[in-house]
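Trainee: I would like to go through this model step by step. Where do we start?

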Amino acid sequence: MSRAQLAELVDYVAALAVREQASWALPASDLGDREHGYGIGAYTSRGLYGVIRPCPYSLDRLAPSTRIFVRNAREKALITGTEVVDAGLVTHFDLPDHEQTTLL
């Protein structure tokens, strides 16, 4: 995913956090890490808000109640297809696909 596409997704997550918690959700980094299933942790002043685009094969690294944010329904299907996370915790934003065809 390009930097512009990542920034677009981060902006959507931040806007959702403002609507839900009246607080911005900001990524700790623009790189995924092991602690967040190789996704990007988004934090509000209250702590971890959720994880942006974790690897479907590393979801077991996340706490069971962790929210997950992805670009679109195709990415949501990849995450929920693992049956590791509750589908209700996965939010997608109907953003277009990009040049990369998997989350790996």
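Mentor: We start with a term: a residue is buried under 20% relative accessible area, exposed over 50%, and partly exposed in between. Keep in mind throughout that the model is predicted.

Trainee: With that rule, is Arg74 buried, exposed or partly exposed?
Mentor: The relative accessible area of Arg74 is 29%. The cut-offs are 20% and 50%. The value falls in between, so Arg74 is partly exposed.

Trainee: Which residue forms a salt bridge with Arg74?
Mentor: A salt bridge needs a side-chain nitrogen of Lys or Arg within 4 Å of a carboxyl oxygen of Asp or Glu. For Arg74 and its partner, the closest N and O atoms are 3.9 Å apart. The partner counts as buried, because the relative accessibility of Glu75 is 0%. The residue asked for is Glu75.

Trainee: Which residues are linked with Arg74 in a network of salt bridges?
Mentor: Side chains of opposite charge can pair when their charged atoms come close. Arg74 and Glu75 form one such salt bridge. The network holds Arg74 together with Arg53, Glu75 and Asp97.

Trainee: How many salt bridges are there by this rule?
Mentor: The rule sets a cut-off of 4 Å between nitrogen and oxygen. The pair of Arg74 and Glu75 is one that meets it, at 3.9 Å. By this rule the count is six.

Trainee: How many residues apart are Arg71 and Glu8?
Mentor: These two form a salt bridge, with the closest N and O atoms 3.1 Å apart. Arg71 lies in the loop between E4 and helix H2, Glu8 in helix H1, and the pair links distant parts of the chain, with a separation of 63 residues.

Trainee: Is Arg71 buried or exposed?
Mentor: Its partner Glu8 has 29% relative accessibility and so counts as partly exposed. For Arg71 the value is 1%, so Arg71 counts as buried.

Trainee: Where does Arg67, the partner of Glu20, lie?
Mentor: Glu20 and Arg67 form a salt bridge whose closest N and O atoms are 2.5 Å apart. Glu20 is in helix H1, 47 residues from Arg67 along the chain, and Arg67 lies in the loop between E3 and E4.

Trainee: What pattern does the protein follow along the sequence?
Mentor: The protein has two helices and five strands. Read in order, they give α-β-β-β-β-α-β.

Trainee: How many bridges pair strand E2 with strand E3?
Mentor: E2 covers residues 40-44 and E3 covers residues 47-52. A hairpin of two residues joins them. One bridge is between Ile40 and Ile52. The strands pair in the antiparallel sense, and the number of bridges is five.

Trainee: What is the bridge partner of Ile52 in E4?
Mentor: E3 and E4 run parallel and are joined by two bridges. The partner of Ile52 there is Phe69.

Trainee: How many aromatic pairs does the model have?
Mentor: A pair of aromatic rings is described by the distance of the centres and the angle of the planes. For a pair, the centres must lie within 6.5 Å. By this rule the count is three.

Trainee: Why is the pair of Tyr12 and Phe93 called tilted?
Mentor: The ring centres of Tyr12 and Phe93 are 5.5 Å apart. Planes under 30 degrees apart count as stacked and over 60 as edge-to-face. Here the angle is 55°, so the pair is tilted.

Trainee: What kind of pair do Phe69 and Phe93 form?
Mentor: Their centres are 6.3 Å apart and their planes are at 25°. Planes under 30 degrees apart count as stacked. The pair is stacked.

Trainee: Which residues form the aromatic cluster?
Mentor: Phe69 counts as buried because its relative accessibility is 0%, and Phe93 counts as buried at 14%. Tyr12, in contrast, counts as partly exposed at 38%. The cluster is formed by Tyr12, Tyr49, Phe69 and Phe93.

Trainee: What is the phi of Asp94?
Mentor: Most residues other than glycine have a negative phi, and most peptide bonds are trans. Asp94 lies in the segment after E5 and counts as exposed, at 62% relative accessibility. Although Asp94 is not a glycine, its phi is positive, at about 55°.

Methods: Residues numbered from 1 in each chain as written. Predicted model: local features only at pLDDT ≥ 70, side-chain atom pairs only at ≥ 80, totals over all residues. Heavy atoms only, no water. Phe/Tyr/Trp six-rings, centres within 6.5 Å; stacked < 30°, edge-to-face > 60°. Buried < 20%, exposed > 50% of the residue type's maximum accessible area, 1.4 Å probe, protein only. Pairing = 2+ DSSP bridges. Helix = DSSP H or I, 4+ residues; strand = E, 2+ residues; numbered from the N terminus.
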